[in-house]
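Colleague: Got a minute to walk me through this one? I'd like to start with one strand and work inwards.

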Amino acid sequence: MKTVFSLLLISVILWGCSKKADVTPVKSTDTSKTAGPTNPISAKPDSTVKLTKDDTAHMAAFIIYAQKVKTNVSGKTLVMAFDENVNIFLLAEGYQKTSAIHLKEDWKKTALAAFDFTTVNQDGQTTFNSIDDNLNNVKFKTISDTTINGVPVKKVNVHRKLTFSKVYGSAQLATDQQNLLLAKTDELITFSSYTYYNQKNYPVTSAVAYVQYVK
């Protein structure tokens, strides 16, 4: 009974998904369907993978909105502040038996892949081209209790900033690159998450979100 119930809960959390594992996100440039409070982007695990009761109790689910990247030109430097804001949901039952939640970002198919970045780690130190995927080591998160259809759920919100930058030969070149970024409307970042407990990595779930370049 619990296995069916857990699968049902995952499907409720991921209400915006199709019956397949593929997800079609909502373009943020379409004002009638902007990815926002009423149109979150979500994903579910690969439907070809056979899940056990233990798997479903520990699997993460996403609700993600368009990810904003604020661009700014300072002298010859183009600065892009990526405002990562991701919601991960876990059954409270599984969360209590979870040692670590991992979150990974893949921006290889975006313009950000061409730039170096910095971020701040758990100890307040600035790291270069490195980001910790173990949320135990990430202080920029909040964990709260909620319910979905009366079922206890843990909501983990990760909200941190990654600063991408590049120095150009002139301020005009930096501005030109900024304008190219502002014109992009179809770039996607892929997020993936899995939990760890008792020497086991549980199945990975993934979701995609559009990138919104703004001034």
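Colleague: Which residue in strand 6 does Val120 stand opposite?

Modeller: Keep in mind that this is a predicted model. Strand 5 and strand 6 run antiparallel, with 3 bridges joining them. Across that pairing, the residue opposite Val120 is Thr126.

Colleague: And which residue in the turn of that hairpin has a positive phi?

Modeller: The hairpin is made by strand 5 and strand 6, and 5 residues lie between them. One residue in the turn has a phi of about 80 degrees, and that's Gly124.

Colleague: What is the bridge partner of Thr118 in strand 8?

Modeller: Strand 5 also pairs with strand 8, again antiparallel and through 3 bridges. Within strand 8, Thr118 has as its bridge partner Thr163.

Colleague: Which side chains of strand 5 point to the buried face?

Modeller: Side chains alternate along residues 116-120. Asp116, Thr118 and Val120 point to one face and aren't buried. Pointing to the other face, and buried, are Phe117 and Thr119.

Colleague: Which strand supplies the largest share of the largest nonpolar core?

Modeller: That core has 32 residues, and Ile88, Phe164 and Phe191 have the most contacts inside it. Several elements each supply at least two of its residues, among them strand 8 (151-167), helix 4 (171-182) and strand 3 (77-91). The largest share is 6 residues, and it comes from strand 3.

Colleague: Which strand 5 residues is Phe164 in contact with?

Modeller: Leaving aside neighbours within four places in sequence, Phe164 is in contact with residues including Leu78, Val79, Met80 and Phe82. Strand 5 covers residues 116-120. From that stretch, the contacts of Phe164 are Asp116 and Phe117.

Note on methods. Residues numbered from 1 in each chain as written. Predicted model: local features only at pLDDT ≥ 70, side-chain atom pairs only at ≥ 80, totals over all residues. Heavy atoms only, no water. Core = buried A, V, L, I, M, F, W, Y, C linked by side-chain atoms within 4.5 Å. Buried < 20%, exposed > 50% of the residue type's maximum accessible area, 1.4 Å probe, protein only. Helix = DSSP H or I, 4+ residues; strand = E, 2+ residues; numbered from the N terminus. Contact = heavy atoms within 4.5 Å. Pairing = 2+ DSSP bridges.
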